[in-house]
Structure formats: structure tokens, C-alpha cells
Amino acid sequence: MRSAAVALNHNQSASPHVGPGYHLMELPTKVLIGDGVISKLGDFVRDSAGEGRVVVASGSNVVSKVRRAVEAALPMEPTWVEVAAADIGNVDRVMAAAAGAACIIGVGGGKSVDVGKLAAFKLHIPFYSVPTSASHDGISSPFASLKGLDRPYSIMAKPPVGILADIDVIASAPRRLLASGCGDLVSKLTAVKDWELAHRITGEYYGGYSASLALMSANTVLDRSRTLGSFDKDSVRELVEALISTGVAAGIAGSSRPCSGSEHLFSHYLDVLAPESGLHGEKCGLGTIMMAKLHGIDWRRVRSALRNVGAPVEASQIGVADSLVIEALTKASTIRPDRYTILSRRRLTGKSAALLAKSTGVI
Ligand SMILES: [Zn+2]
């Protein structure tokens, strides 16, 4: 079967659970969402923690923000590990602290969740995600995005066993982070288009159900950007549920396909060219505007939705020079040649890339 052969190469982990005509779906077991639920963290992790030791991976901002609430909620004294960056060095530090521990809890925006997730995966212990902002879909997905790997994109780990999303905490995150989460959500629009294209051209496995689920999350932003952009508690809850749902879509697909296409390749290439500029979801949002145009879908609608939620629609807003946008557009497909996208089909030259970026207002 043609699809089976490609199933192996679209799953980067070369998992024993992916093969001819089959793949494994791994999903979070439980999600606790609502106001003030951080106080229930102890009960939430009890199944895994038991009487054992718990390691909390968190960023420094988080420590000051929710440390007391986390400690009050847990029946045991946790071991705290401060995560300064999402890189392998920090994964090793968390792993060292978590040797013999019952589980790892990642409390934070992105870095601590990614680092904790991979450390738990390597140690074969449960991981709990406690997001304090909603800036990307890593809060629920099976993937970890880290620097210092042999490739500048996410690697397959396992989804969190549980996600505890305290809306009081997340709604108090900077609006920029929440707007970035909206950027990661709209990106599913072009990711799914790329997946459909790859299925048609290469025969790669395509999961219609997980694609629909991911699209539903993108449409949450496209259809209701004005209300969502108020980031009141109802909107934040909807945003978080949509992000959790896209992570679930990836779990059902058994790959990041429904969540990550050409717009993510563009974002990852900008990570290489301008590592300090912009947030993941912000770069994905810019990429989605341009990839939507390449796919012949309504890119103006993507652009206005991003603007309505306060996400950047021009590269200058995140301090990225025009020349870097053009370079990223022309080279993005090279960082992951196995992932067939619109950029594999429409090889952009410097000239056509500049035209695309200018015509969509990104530069
Ligand atoms: Zn993403």
C-alpha cells in the first residue's frame, strides 16, 4: 500500500506503532479546565503521583506567579526545576532531578511544558501540563519543540497524561501570548491544505477526521476573531479549548500533519534566521497568510482575523527584516524534505517570494 510506505516517513519517530495501514493514537486522558482549578492540582495528579515524588518544571516568571498556589495544592513537597530555555541541556537537568520520581508537571507558557514533556517521555513517566498562557498548541500535543536538536522542528514524544488549565491564571497572561495562540490556531487552515495536497501527490495517509478537528479550531479564530480578541475569560477558555483540541487532532492523526504544514516550515526557518524575533504562533500566523495565498484560499480573511486578535500581520511588527522573510520562504522546504507541502510544489525564487510577501502585506 502506497499510503503505508509514507506513513513511516511522515512519522519522524519511526515508532514501532506505525506501519502498513495502521498507526497509534495517543491522547491525553483527562483535562481539567476552569476558574481556580489550580487548587485541584493535587487530586488531579494523584493517580500518577501516589505517595511518590513530584518534579515541577517551570519558568522563572511562573515561579513567582503560581508557586504558592502549586505548593498549596500538592499534598507533597515538589522538587522545583527552573527551566531557562527549551533546549536539550534543560531536558537533561529535569531528567536528572526526576530520576526515580513518580511524574513531572510542566507549569508555564511553553518552554517548561516542552522540556518537561520530553524529559518525562525519556524517563517513561507520566507528564502533566499546567499551562499559564495559551500561546501555542504544545500544551496538549504529543510534540516537543526544542533547540539544540539535529532539526529545527518539533519531535514526537507523548501527549500529556493530563492538562490542567486554570482560566484565571491563563487570562492574566500578556495579550501578546494569547494572540500568538490564535496565530498557531489559524495555521491549521494551511496545514490541512498541505496535508490534503501531500495525500493527492504522494499518497501519504490523510485522516479526514483529525483534519476536520484541526480546522474547527482554526475556524474558531476565523469566525469569531473580534469577540475572541477581547480575551475576556469566556474567550480565553474558548482559545484554550481550541488549542487543546488541535493537540488531540495530532494525537488522532499520529503525526503533526493536521497542525503543522508549510506555514510552520516558514516559522521554523525564521527560528534559525532570527532566533530572538517573534513568538512561534506569531511567525506561524504570518506564514499562514502567505501560504493561504499560495493555496488559492482567502488569505485576506486570515490577515484580518489575525489583526482583530492583535497578532502581527507584518514581519516588521516582530522585528524581522524583509530579506529574512524572503530567505525563509525560499528555503523553508529544505529543513524537512520529507514533509510535502505547497512549498514543495511551488518552489519559490527570491523574486516570487518577494512578490508573495509584498502582495499579502507581510513585507
Ligand atoms: Zn505550532
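Which residues coordinate the zinc ion? Keep that question in mind while you take in the whole model, which is a predicted one.

**The whole chain**

Begin with the complete protein chain in a cartoon view, where the secondary structure comes to 16 helices and 8 strands. Along the principal axes, the C-alpha atoms fill a box of roughly 60 × 45 × 35 Å. A compact globule with 363 residues would have a radius of gyration near 21 Å, and the 19 Å of this protein chain agrees with that. If you colour the chain by accessibility, buried residues make up 58% of the 363 residues. Switching to a surface view shows the roughly 14100 Å² that the protein chain exposes, of which carbon and sulfur atoms supply 53%. Among the contacts with a separation of 6 or more, 76% are between residues 24 or more positions apart.

**The zinc ion**

Now select the zinc ion and show the side chains of Asp184, His264 and His280, which coordinate the ion at 2.1 to 2.8 Å. Asp184 is listed with two OD donors, while His264 and His280 each contribute NE2. The angles among the 4 donor atoms run from 50 to 142°, and the site is irregular. Read along the sequence, the donor residues follow the spacing D-x79-H-x15-H. The pair Asp184 and His280 links distant parts of the chain, since Asp184 sits in helix α7 (residues 175–202) and His280 in helix α12 (residues 280–295), 96 residues apart. Are these two residues buried or exposed, or something in between? Asp184 is buried, because its relative accessible area is 0%, whereas His280 counts as partly exposed, because its relative accessibility is 24%.

**Helix α11 and the loop after α14**

Next select Leu265, which lies in helix α11 (residues 262–273) and is buried, with a relative accessible area of 2%. Not counting residues up to four places away in sequence, Leu265 touches Ala332, Ser333, Ile335, Arg336, Arg339 and Thr341. One of these contacts, Ser333, makes a natural next selection. Ser333 lies in the loop between α14 and α15 (342–345), and although this is a loop position, Ser333 is buried, with a relative accessible area of 10%. Leaving aside residues up to four places away in sequence, Ser333 touches Leu265, Leu343 and Arg347. For a sense of scale, draw a distance from Leu265 to Phe121: their C-alpha atoms, 144 residues apart along the chain, are separated by 25 Å.

**Two helices with a buried side**

Move to helix α16 (residues 350–359) and select Ala353, Ala354, Leu356 and Ala357, which are buried. Looking down the axis of α16, you find its buried residues within an arc of 160°, so they line one face of the helix. Those buried residues pack against α12 and α14 (322–331), and α12 is the helix that holds the zinc donor His280. Turn the helix round, and the face away from the buried side carries the exposed residues Lys351, Leu355 and Lys358. Just after α16, Gly361 takes a positive phi of about 80°.

Compare this with helix α4 (residues 88–97), whose buried residues are Asn90, Val91, Val94 and Met95. These residues cover an arc of only 140° around the axis, which puts them on the same side of α4. An α-helix has 3.6 residues a turn, so residues three or four places apart point the same way. To see what the buried residues of α4 pack against, add β2 (54–58), β3 (79–82), β4 (103–108) and α5 (111–123) to the view.

**Loop positions to finish with**

Which residue in the loop between α5 and β5 (127–131) should you select next? Choose His124, which is found there and has a positive phi of about 60° although it is not a glycine. Most residues other than glycine have a negative phi. His124 counts as exposed, because its relative accessibility is 74%. Phe231, in the loop between α9 (225–228) and α10 (233–253), has a positive phi of about 50° and is likewise not a glycine, but Phe231 is buried, with a relative accessible area of 7%.

End at Lys40, in the loop between β1 (30–34) and α2 (41–49), which counts as partly exposed at 46% relative accessibility. Lys40 touches Leu32 and Leu164, residues up to four places away in sequence not being counted. From Lys40 to Ser64 the C-alpha to C-alpha distance is 19 Å, and the two are 24 residues apart in sequence.

Notes. Residues numbered from 1 in each chain as written. Predicted model: local features only at pLDDT ≥ 70, side-chain atom pairs only at ≥ 80, totals over all residues. Heavy atoms only, no water. Donors = N, O, S within 2.8 Å, 3.2 Å for Na, K, Ca; no water. Tetrahedral: all angles 85-135°; square planar, octahedral: opposite > 155°, others 65-115°. Helix = DSSP H or I, 4+ residues; strand = E, 2+ residues; numbered from the N terminus. Buried < 20%, exposed > 50% of the residue type's maximum accessible area, 1.4 Å probe, protein only. Arc of directions from axis to C-beta. Contact = heavy atoms within 4.5 Å. Rg over C-alpha atoms; globule rule 2.2 N^0.38 Å. Areas by Shrake-Rupley, 256 points an atom, 1.4 Å probe, with all protein chains shown as cover.
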